[in-house]
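Colleague: Before I plan anything at the bench, could you take me closely through one buried part and its surroundings, and then outward to the rest of the chain? Please spell out any cut-offs as you go.

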Amino acid sequence: MSQTQHPRILLGVSGSIAAYKAAELIRRLRERGAEVQVVMTAHAQAFITPLSLQAVAGQPVRCELFDRAAEAGMGHIELARWADHLLIAPASANLIARLAHGMADDLLTTLVLASAAPLAIAPAMNHQMWSHPAVQENINRLLARGVHLLGPESGDQACGESGAGRLLEPQRIVEQLLGSEHRPLAGRRVLVTAGPTREALDPVRFLGNRSSGKMGYAVAQALTAAGAQVMVVSGPTALTPPAVERVIPVETALEMHAAVMEHIDHCDIFVAAAAVADYRPQAPSPEKIKKHHHEFQLRMVRNPDILAEVAARHPAPFTLGFAAETEALEAHAREKLQAKGLDMIAANWVGGAQGGFDRDENALLLLWRGGQRELPLMSKRQAAREIVHTITERYAAFTARQNFGSPPG
Ligand code: C5P
């Protein structure tokens, strides 16, 4: 049997009132064919007993680092190697702090350090705790290290208050970890622009930019994984084309514009990740330009703004733009969101140490009317998954507004 049919999941349960939901989570994971081994922290046992989780997991639950009986069977290093996925749900503020600092003071944190398997955490705590800068700093550290964050959700809390900090529902944890059976963007058509454009000076020379196409391709791939039918209009890149429904190669901004306008009609979502040249030479030379003169002047004309044009359509699809900035990131990105009438914008620094053009990593600030989300430096693939997660949420609000005319969210 393949690993994907029977993924091996090491589930860590830490001390939170939501620990009781671990029982349902184990049940749902096993319904999907997963093998589940459970490790509980000392604080988790104050909320639910190991025996209860053992009954649903069908395996002994491990709690102690120095456990002679367990070390004689599957020792902690073997357990760390056994896992295909490490999942910690619920992850308390205390556990998140211990993970962020690389501690190994109990079995669960030791296993995390001893395992090469990807780690996903589903935090659960009071909303004040969740928004505390110390917790957010620890979360950012973990995200930057490649940890996958599942939730938390907003809503009523056990303490009687309301806000962000609720454990993501077990079914959604399973979907995000093992892939969704009802993929959130299934049936949605998405058009993505990616890569640079090239503006001809003469038959052999062009004006270009440093865009590699990596971010756009990664978003296209993540949209496909979320169930969308994706078409990519791509400028020239050195990358393997993404595995999407169709890739249309173009070179110039005018070609990109024409390809987008031809296919935008039935699209639900438009993602403009291309670095489109704002200007093109007014009259490219039909022959190779010779070096007869000391200097020569180039007259440039504006290219159409593809994204702004798509956003101004009636009806317009959900539009996501990118803003590459070298200063005043948030202010410039908000201005662009407003000026181009976008639903969402992903802003990043370019030219500095924070990733951006022609890099494998990127740090981004996602903005929409009335909200924002910061993605610290992480791989473009992971950033793409997080962007698609936010697109899914914002797109749901967008369609709700269209259907019911409710106020913007
Ligand atoms: O205004 P600025 O070029 O900074 O905006 C960047 C965003 O607009 C990106 O999403 C880019 O793909 C899109 N854009 C476009 N057509 C242009 C210029 C930018 O679609 N001509």
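Modeller: I would start from Met40, which is buried, with a relative accessible area of 1%; here buried means under 20% relative accessible area, exposed means over 50%, and partly exposed lies in between, all with a 1.4 Å probe and protein chains only. This is a predicted model, in which local features need pLDDT of at least 70 and side-chain atom pairs count only at pLDDT 80 or more, while totals for chains, interfaces and linings use all residues. Residues are numbered from 1 along each chain as its sequence is written, and side-chain values use heavy atoms, with hydrogens and water left out.

Met40 belongs to strand 2, where strands (E, at least two residues) and helices (H or I, at least four residues) are DSSP runs numbered from the N terminus. Five of the six residues of strand 2 are buried, so this strand is largely enclosed by the rest of the structure. Leaving aside residues up to four places away in sequence, Met40 touches Val13, Gln45, Ile48, Thr49, Pro50, Leu53, Val61, Arg62 and Cys63, contact meaning heavy atoms within 4.5 Å. Of these partners, Arg62 is 22 residues apart from Met40 along the chain, and 6.4 Å separate the two C-alpha atoms.

Strand 2 is part of an open sheet of five strands, in the order 2-1-3-4-5 and with parallel pairing; two strands pair if DSSP finds at least two bridges between them. The edge strands, each pairing on one side only, are strand 2 (35-40) and strand 5 (148-149). Helix 2 (residues 50-57) packs on this sheet and touches strand 1 (8-13) and strand 2, its direction making about 175 degrees with that of strand 2; such axes are lines fitted to C-alpha atoms, for helices over the stretch in contact, and the angles run from 0 to 180 degrees between N-to-C directions. Strand 1 and strand 2 run parallel and are joined by six bridges, with Leu11 opposite Val38 of strand 2. Together with helix 1 (residues 21-31), strand 1 and strand 2 make a right-handed β-α-β unit. Elsewhere in the sheet, strand 3 (residues 85-91) pairs with strand 4 (residues 119-123) in the parallel sense over four bridges, and Ile88 has Ile121 of strand 4 as its bridge partner.

Moving outward, the protein chain is divided into domain 1 (8-178) and domain 2 (189-404), with bounds that come from an automatic or database domain assignment. Nine residues from domain 1 and six residues from domain 2 take part in the contact, and the domain centres, taken over C-alpha atoms, are separated by 37 Å. About 620 Å² is buried between the two domains, 48% of it from carbon and sulfur atoms; buried area is the accessible area (1.4 Å probe) that two parts lose on being put together, summed over both. On the domain 1 side, Leu143, Ala144 and His148 lose the most area to domain 2, together 56% of what that side buries.

Finally, some backbone details deserve a look. A cis peptide bond, with omega about 0 degrees, joins Gly151 and Pro152, and Pro152 lies in the loop between strand 5 and strand 6 (153-156). Another cis peptide bond joins His314 and Pro315, with omega about -5 degrees.

Methods. A crossover is right-handed if, with the strands pointing away from the viewer, the path from the first strand over the helix to the second runs clockwise.
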